[in-house]
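Please read the following explanation with the sequence and the coordinates open beside it. The discussion begins with the contact between the chains and then turns to a sheet within one of them.

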Protein chains: 2
Amino acid sequence: MLDAAILTIGDELLSGEVVDGHAAELARFLSSRGVCVRRIVSVGDAVAEIAGAVRAAVRRPLLLVTGGLGPTGDDRTVEGVARGTGRAVVRHPDAEEHLRRRLAGRGRGLSNANLRQAELPEGAVVLGNPLGTAPAFSLEHDGCLIVCLPGVPAELRAILAELLGPLLERRFRLQPRPAIRLRVFGITEARLATLLETELEAPAWLRIAYRPRFPEILLTLEAPGPEQERELESLAARIEGLLGPRVYVRGEIELPAVVGALLRERGKRLALAVSCTGGLIAKLLTDTPGSSEFLDSAAVTYSNAAKERMLGVPGTLIQTHGAVSEPVAAAMARGARERAGADYALAVTGIAGPGGGTPAKPVGTVYIGLADPQEVFVRRFSFPGWSRAAVRRVTAYTALSALRLLLLSGNPWFQPREERSSDPPPGVAGA
Amino acid sequence: MLDAAILTIGDELLSGEVVDGHAAELARFLSSRGVCVRRIVSVGDAVAEIAGAVRAAVRRPLLLVTGGLGPTGDDRTVEGVARGTGRAVVRHPDAEEHLRRRLAGRGRGLSNANLRQAELPEGAVVLGNPLGTAPAFSLEHDGCLIVCLPGVPAELRAILAELLGPLLERRFRLQPRPAIRLRVFGITEARLATLLETELEAPAWLRIAYRPRFPEILLTLEAPGPEQERELESLAARIEGLLGPRVYVRGEIELPAVVGALLRERGKRLALAVSCTGGLIAKLLTDTPGSSEFLDSAAVTYSNAAKERMLGVPGTLIQTHGAVSEPVAAAMARGARERAGADYALAVTGIAGPGGGTPAKPVGTVYIGLADPQEVFVRRFSFPGWSRAAVRRVTAYTALSALRLLLLSGNPWFQPREERSSDPPPGVAGA
């Protein structure tokens, strides 16, 4: 396995003003190609610090450097890398050409400030930059390939995909490893790990990565090379069999987008009727463009009067059972569907906390209701001891997951009620 | 100034599965006490790697280490720090006592797995852990104070505030520096920096940090010591004078919570009527507990039929002017306020993109309407070239900011319409 180091540069990292997302992005990029990242180092915009970090890192065969390649005086990466590798900084014709073309595309000429970005360590090879002015470049030094990348997020991503991937393939014969990403909702990370350990019978080469992104888990299965691609596929299918509907998709699509796509494909329209989650479910569903094709409306009915006025929930029902109750959730779903003339309605009423709980209905008590053309389904869920934000988020995902199951199978729940008592709260650590 | 290094430990950092938020949190903590963080290093859960990183870091007077202090075999930080400082790992009576008390509080006894957390490098001083089992500890080595902190976020935060702060004060006479945080919305970071450079006449000691958190900017003013506290205060007041209503609060409260608190204080109720932002504004307002006191309801009216049905917007108005228009925004605000019997209503209709734009109303065109007991205000905003998520977010903040101004002054806009043409889109880079 090829060893690598990552060096990120910027005073804003050392003051804590910015969280270092670039390091993680580069690490993921390298890991997915089978590179073993041994160390991530961050230093400020100071030539001596950068040079020292470069000197320490070039013992490994690969060093990725990002940040500090802009046109201002604060940007000292070129000088630092040059000093760390004992080279001069020189005007680089390929970099100048890259800048000239890039600026011409914006109808501008080369200024002196821009020309600074054409000055690179001697012997650098310009990789370019599909989106910005600062060119990425590489440098061979003592058996280490140093690659310097601009820190603008969109530029960095484009360079990784279009330039660095092919470079690593040429230089180290590295290729993206076969990988399958499963998105899982409705099981804790600990239970998922135990289940796969005891039931999967995975071969030794299989790498399983759990990436909790509350309240779901991104599960990545990785094989060392293309020879294992078919077996990887059958392992993924086995996991899908073990987890059933808890795997809601393969790939990078999020649950709200999966639900939205299902509605759109089937030409069905949805109305929402919610209280405790505020606008979260509507927000999640409309994060994806084109949501007007399936979302009619959402009634966020915080007050009891709004539940009566906007959804037709009888005031007596609220007085008798409370706003957080099975009959009210059912009436909200029914009312939303009928008033909107929609195919489906999703209703949520609950106590997100921290106040408002009672012994019978403690904080974290949530009722989810669903109405389809035939029926109204309601179930009570408990997320005790969770924060307000966590209750709201896991409620939104539980509701969307139920809607997905209803669309797919006509039954919104993972399993019949009898089994529910032993069911853990759907979700993972990290709330 | 005291130099420090930060070492974060965990395989999940090197694979990129987890973004290193701890490093930033520790860096902010140290910076706010005037410590200069020189380097942040991340290594995996391997004793040799940890030991190597510790050996390199102890040249500075302070080293904070976090991660890898749990009870499982993956947690190698104690061994790594011991090897890096040439010490044995021994059972520590204070750590055992800490564990015993913590577990007794949960009605449990000490298991062998727990006892592993009582084994520390020889000579360690136990600091404790107000929330968890893994005790934080410190170690003096060759003039360097090494402090090892558990990586569970809530525990880490409690230890910083309750244990590490006082320790740094005793050991280095470090105190939190006087600092004032202003939250700013409605100006770009570049313009803000220029304005402060040209107009503020800041003393040389003033440290200004800009932390963009789209679409707002967190502006921190910091003084080296208590002697400058009064002048710091008057500098903050001067900035508030320069920026006017663009400074929406001092401190850590976010704009939606500021608006919610204003409504609550005044005993006023709000209704929302929105389309393109989906449920985002309702979500933001209800992130804070107690929002049921001021939020009556939100009508997320994606379809034209929903605008008619839920808000009473005349269908002819939509046909004549389009759903994204000044008259429709006004009718949405008026309808929402009247139907809910609320004091105020906030309406938003716009084109978040990427589709749906026209030459007259390109993507990023948004109308914001506000109704109070006397009047309805509407204004058009343009956020051209921004992503869907950015348009929605900046729209939500612009709407909430307008509501805040309406509550405070009776006028929702920063300035009269005549001046608006030269106004930049409110917001900052990083969309």
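In this predicted model, chain B and chain A bury about 4,300 Å² between them, and 53% of that area lies on carbon and sulfur atoms. On the side of chain B, the residues that lose the most area to chain A are L14(B), E17(B) and Y302(B), which together account for 14% of what that side buries. The contact draws 58 residues from chain B and 58 residues from chain A. The size of an interface is often expressed in just this way, as the accessible area lost when the parts come together.

The polar side of this contact can be described by counts and by individual pairs. Between chain B and chain A there are 37 residue pairs in polar contact, both residues being at pLDDT 80 or more, and the residues with which chain B touches chain A divide into 25 nonpolar, 16 polar and 17 charged. The count of salt bridges between chain B and chain A is 10, whereas over all chains the count comes to 47. Side chains of opposite charge can pair when their charged atoms come close. One such pair is R38(B) with E49(A), whose closest N and O atoms are 3.9 Å apart; R38(B) lies in strand β2 (residues 36-43) of chain B and E49(A) in helix α3 (residues 47-57) of chain A, so the pair joins two chains. E49(A) also forms a salt bridge with R39(B), where the closest N and O atoms are 4.0 Å apart.

The backbone takes part in joining the chains as well: strand β14 (residues 295-301) of chain A and strand β14 (residues 295-301) of chain B run antiparallel and are joined by five bridges. Within this pairing, A298(A) has V300(B) of β14(B) as its bridge partner.

Inside chain A, four strands form an open sheet in the order β10-β11-β9-β12, with antiparallel pairing. Which strands stand at the edges of this sheet? They are β10 (207-213) and β12 (247-250) of chain A, each of which has a single partner strand, so one side of each is left without a neighbour in the sheet. Neighbouring strands of the sheet are turned against each other by 25 degrees on average, with direction ignored. β10(A) pairs with strand β11 (residues 216-222) of chain A in the antiparallel sense over seven bridges, and R213(A) has E216(A) of β11(A) as its bridge partner. Across β10 and β11 of chain A lies helix α8 (residues 189-199) of chain A, which runs at about 165 degrees to β10(A).

Technical notes:
Residues are numbered from 1 along each chain as its sequence is written. Chains are lettered from A and ligands numbered from 1 in the order in which they are written. This is a predicted model: local features need pLDDT of at least 70, side-chain atom pairs count only at pLDDT 80 or more; totals for chains, interfaces and linings use all residues. Side-chain values use heavy atoms; hydrogens and water are left out. Contact means heavy atoms within 4.5 Å. Buried area is the accessible area (1.4 Å probe) that two parts lose on being put together, summed over both. A salt bridge is a side-chain nitrogen of Lys or Arg within 4 Å of a carboxyl oxygen of Asp or Glu. A polar contact is a pair of N or O atoms within 3.5 Å; within protein, one must be able to donate a hydrogen and the other to accept it, and residues adjacent in sequence count only if both atoms are side-chain atoms. Ala, Val, Leu, Ile, Met, Phe, Trp, Tyr, Cys and Pro count as nonpolar, Asp, Glu, Lys and Arg as charged, and the others, Gly among them, as polar. Two strands pair if DSSP finds at least two bridges between them. Axes are lines fitted to C-alpha atoms, for helices over the stretch in contact, and angles run from 0 to 180 degrees between N-to-C directions.
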